Structure formats: structure tokens, C-alpha cells
Amino acid sequence: MRSVFDILDTIQASNPVSSILETLWTGGFQAFLAGGAVRDALLGIVPGDVDILTNALPQDLARLFADQDSKYVGKSFAVTLVNKVEVATCRPADSKAVGAGHTFPTSDLGRRDLTINSMAWDPETRTLADPFHGQKDIENRTIRFTRDPFDRIEEDPVRMVRACRFAARFGFKIEPDAFDAIRARVHKLTVQWSADRIQREIVKAMGMDKPSGFFNLLYDTGLLAHILPSLDRCYGLDGGPHHAETVFEHNLLVGDALPASRPILRLAGFLHDTGKMDALEIKEGRNTFPGHQKCTRAMMADLERLRFSKKDIDYIYALVRGHMRPLKADTSPKAVRRLLAMLDDLNLSYQDFLRMRIADKKGNLNPVKKPYSLGDIRLRLGKILDAINAQTPFNMNDLDISGRDIQDILGLSQGPAIGKVKAFLFEQVLDDPALNQKKTLEDLVRQMARNHFTDSDGKAIN
């Protein structure tokens, strides 16, 4: 395994990091690699992002890098992007955070959230600044706030969520005083004011090997009730006769079974059965959840409050609404066509539908409910591909007859009646794709006219 020094030397040598460091040193300033890059190096991980911490002021950085791609982007902190590398200006000392008399870089590190994120590496002297013992906490696999946990939380309540994410990511435990501080200050987390940042923490957590650890910590600390109450309320809810696990446990198992490369798909897995609380009925002493996939209001409210995009919310909604549609070994071609028509209506791909179905089966601990085998998956995929290759229409716009054609045959102007006729024709074609020929459909329309076709309310179309 590469040593921490090898990893940090590799970072230092990379462009544009090396040139930025050299420019700062030549300008008479100090410069450190800081935060996550140092933490990951100590864990033996090659960092994805590199941050530089300096005592140069933003105006100094603007002068030093005037001929390069530099831009001041600081809001809460003074950060300048130099050739896409974050260069942070050291924050002034705060005696409450770090004590009096501390100088750079301790003056900045003491204002960071967790000890494992509060270290800095001086590439010039090859020394580690670790005033709050982050390296020891890494060795002890512990998450601890920098100095007083109540002060750190008071400064930024989202740090509570970050503590849970880092603990879950690395398999660390949250130090007891830190855990107690989170439990005592959970009410400080106001989603209304921190929605975007909390959303980012959730999405980052989806990239873990098993994000279930993150959600379990959110529940244990009391944070989940503030962030995703639709999921929190599922804790301890019996899954009914078809499951050996609770609804909360099932959601977590399904989410873990989905790919880390698809964060929003994975989040849908963690939320897919949150409607069961609203659908709950007790029959013969056992929980049942008829139509739970339609009970999406609580989940949607959570996603909207966290300011997920409309695109992401619509996608999660489609996955949840469609996940109960059966696709079995004996599913008829006609039923497969109706399944594909439903997916088309939801704007959901059959691939993602299958991914959710496979994960849903895998997340069931009832020994009678076996996960899909490779052969099971191939069989179901084959049924879908057969229907697609048959060029069956899966929405009304694929019919070989237009609304104008129907208007001309019936002598009607454009209006709801034409849509109802198309819907009727679409149902016929789903039952028998061979009917999707213009002449055949025109004959059906004429036959409907002769028979005084009525809509679902029993009213005549013409």
C-alpha cells in the first residue's frame, strides 16, 4: 500500500497543484494541502479533490494569478478557484473556536467541522499540522467534532449530517460526546434554510458501498425525522406476511442493492415503500399495504422540501409508481405490452424498471421469497425485448391513425371526443397489435360510429 507521503507527494507534483504552490511560495506566502485530501491520504485513498489553504488574501491571489484561470467564488468562506483548484484564504483566529494565540494554519483548522477534516500538510517542509488529533481519530476509527461539539453544531447544524455521512462512509463510530451533542441539538437543523446542502449530503451518501449505514445513523441521532420523515416513520413497521424484515429495513436493503453510479435511482430504492404507512390495513391480524405504490404524497413532500429538481422528483415518482407492476415467468405477451405502455406513460425505461424489480426481490429476507437468478432476469428481459421488437405501439401517438383522420371519419371538430376514440383504439391495439394498420383502424372508427360508441361515462361520442 502506498504511504501517506507517497500519496501527498503525488498530489503536490500534479498540475495545476504544483504550479499554484510554487507561485504562492515564490510570492512569500505559506500554502498547505488541507482537509479531505489529507484525510483520504492518511486512509490510503487517492483523493478526488484537492484544496489548498493559504495565508494569502483574495486580493493577493487575484494579483498572483491574474494571467491564469482564477475566480473568487467565496460566500461563507474566502475561496478562489485557480485553474479549477480551490484555494482557500485562512479564516481569522476565533478564540472561542481555537483558543487565543493560535496562528496559521491552526487558526483556520480550528474552525472546521470534524477532526479528521482539520489537518493540513505542508509540502515544503513535509510536515503535518494536526492540532486537534485527527490522525489519532483516524487510527481509532472515530468521528469527533473539532473542540466543543455544541459550538461546532451551533455554527453550522448541517455538520451533524456530515458527521453521520463520514461515519457511515468510513465505517467509523461517532464519539459519545459528539453523538450526545447531535441528539441534544437535532432541533437546530432547519431544512427550510439548509435544503440544498442537506440534499448534497444525501446524494454524496448514495455513492457509498452501503448507504444504509448513513440512514441508520440519521435515525439513531434523530435527524431522519427532520430530513426524510416519510422514511423515518417506517422504522419498526412490520412488513406483513410476505416479508421477514420491517418496512424500514426493506427500504434500506433495496437501496443498498441498487448501483452507486446512479444516485437518484438508488435514493428511489430507499424511499420506494415509504407509502406503506399510508396504505396500511390490518387483515386477520397481519399488516397489508394495498396500493401502497400510489401513496406518494409524503415522499414527494420530502423531496420538494429538500429542493430536488423536478426532473429527479418525477423520476423517483415514476420508479415508485411502477415498481409493483408484475413481470413473471408466465406473464402473457398482452400483459407485457400493457406494462411497457405504463412505463411509456411514466417516462421510465424498462432497464430502470428491471433494476428496481431486481433490487426489490433482493431486499426481501423472507426465505420463501428468493432473489431473481440470472436465468430469471434473462427470461423477463426476453419478454420485454420480444414485445419491443414486435414494434407494438406503447402510446396513442404510435397508432397508425391520426386525430385528423378520426375527425374526418366522424365529422367532428377537434375536442375531447377525439382523444377518447384514440384511447379506445389504443386499448384494442394493446390487446392485438395486428390491428395497428390505418385501414383497420379506420374501419374500427366507422364501426364505432355505427354502434353509437360511448365513453366511460356512458355518453355517446357523436
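This passage walks through a predicted model, taking in its confidence, some of its helices and a few unusual spots in the backbone.

Confidence first. The protein chain has a mean pLDDT of 90, and 94% of its residues reach 70 or more. The weak patch to flag is residues 97–101, where the pLDDT is below 50. Even so, this stretch has twelve contacts in the model beyond near neighbours in sequence. Where pLDDT is low, predicted coordinates should not be read in detail.

Helix α9 covers residues 158–170, and its length checks out nicely: at 1.5 Å a residue, its 13 residues should span 18 Å, and the end C-alpha atoms sit 19 Å apart, which agrees. The helix is mostly covered, with twelve of its 13 residues buried. The buried set includes hydrophobic names such as Val158, Met160, Val161 and Phe166, but Arg159, Arg162 and Arg165 are in there too. Just after α9 comes glycine 171, which takes a positive phi of about 70°.

Part of the company kept by α9 is helix α11 (residues 191–205). The axes of α9 and α11 come within 10 Å and cross at roughly 0°, so α9 counts as roughly parallel to α11. On the α9 side, the contact is made by Val158, Val161, Arg162 and Arg165. Facing them from α11 are Ser194, Arg197, Ile198, Glu201, Lys204 and Ala205. By class, that contact has five charged residues, four nonpolar ones and one polar one. Two of the arginines that α9 brings to it, Arg162 and Arg165, are also among its buried residues.

A second helix pair is set at another angle. Helix α10 (residues 176–185) packs on helix α12 (residues 212–221) at about 65°, with the axes 9 Å apart. That makes α10 roughly perpendicular to α12, since angles from 65 to 115 degrees count as such. Here Phe179, Ile182 and Arg183 of α10 meet Tyr219, Asp220 and Thr221 of α12. The residues in this contact divide into three nonpolar, two charged and one polar.

Lysine 276 deserves a look of its own. The residue lies in helix α17, which takes in residues 276–279. With a relative accessible area of 5%, lysine 276 is buried, given that the cut-off for buried is under 20%. Neighbours within four places in sequence aside, lysine 276 is in contact with Leu237, His243, Val247, Phe289 and His292.

That leaves the backbone oddities. Most residues other than glycine have a negative phi, and most peptide bonds are trans. Against that background, the peptide bond from phenylalanine 104 to proline 105 is cis, with omega near 5°. Proline 105 is found in the loop between α5 (95–98) and α6 (106–109).

Two non-glycine residues also go positive in phi. Asparagine 83 has a phi of about 50° and is placed in the loop between β4 (79–82) and β5 (85–89). At 23% relative accessible area, asparagine 83 is partly exposed. Glutamate 284, with a positive phi of about 55°, is placed in the loop between β10 (281–283) and β11 (286–288). Its relative accessibility of 83% makes glutamate 284 count as exposed. Both residues, then, sit in loops between strands.

Terms used: Residues are numbered from 1 along each chain as its sequence is written. This is a predicted model: local features need pLDDT of at least 70, side-chain atom pairs count only at pLDDT 80 or more; totals for chains, interfaces and linings use all residues. Side-chain values use heavy atoms; hydrogens and water are left out. Helices (H or I, at least four residues) and strands (E, at least two) are DSSP runs, numbered from the N terminus. The expected span of a helix is 1.5 Å times one less than its number of residues. Buried means under 20% relative accessible area, exposed over 50%, partly exposed in between (1.4 Å probe, protein chains only). pLDDT is the predictor's confidence in each residue, from 0 to 100. Contact means heavy atoms within 4.5 Å. Axes are lines fitted to C-alpha atoms, for helices over the stretch in contact, and angles run from 0 to 180 degrees between N-to-C directions. Angles under 35 degrees count as roughly parallel, over 145 as roughly antiparallel, 65 to 115 as roughly perpendicular and the rest as oblique. Ala, Val, Leu, Ile, Met, Phe, Trp, Tyr, Cys and Pro count as nonpolar, Asp, Glu, Lys and Arg as charged, and the others, Gly among them, as polar.
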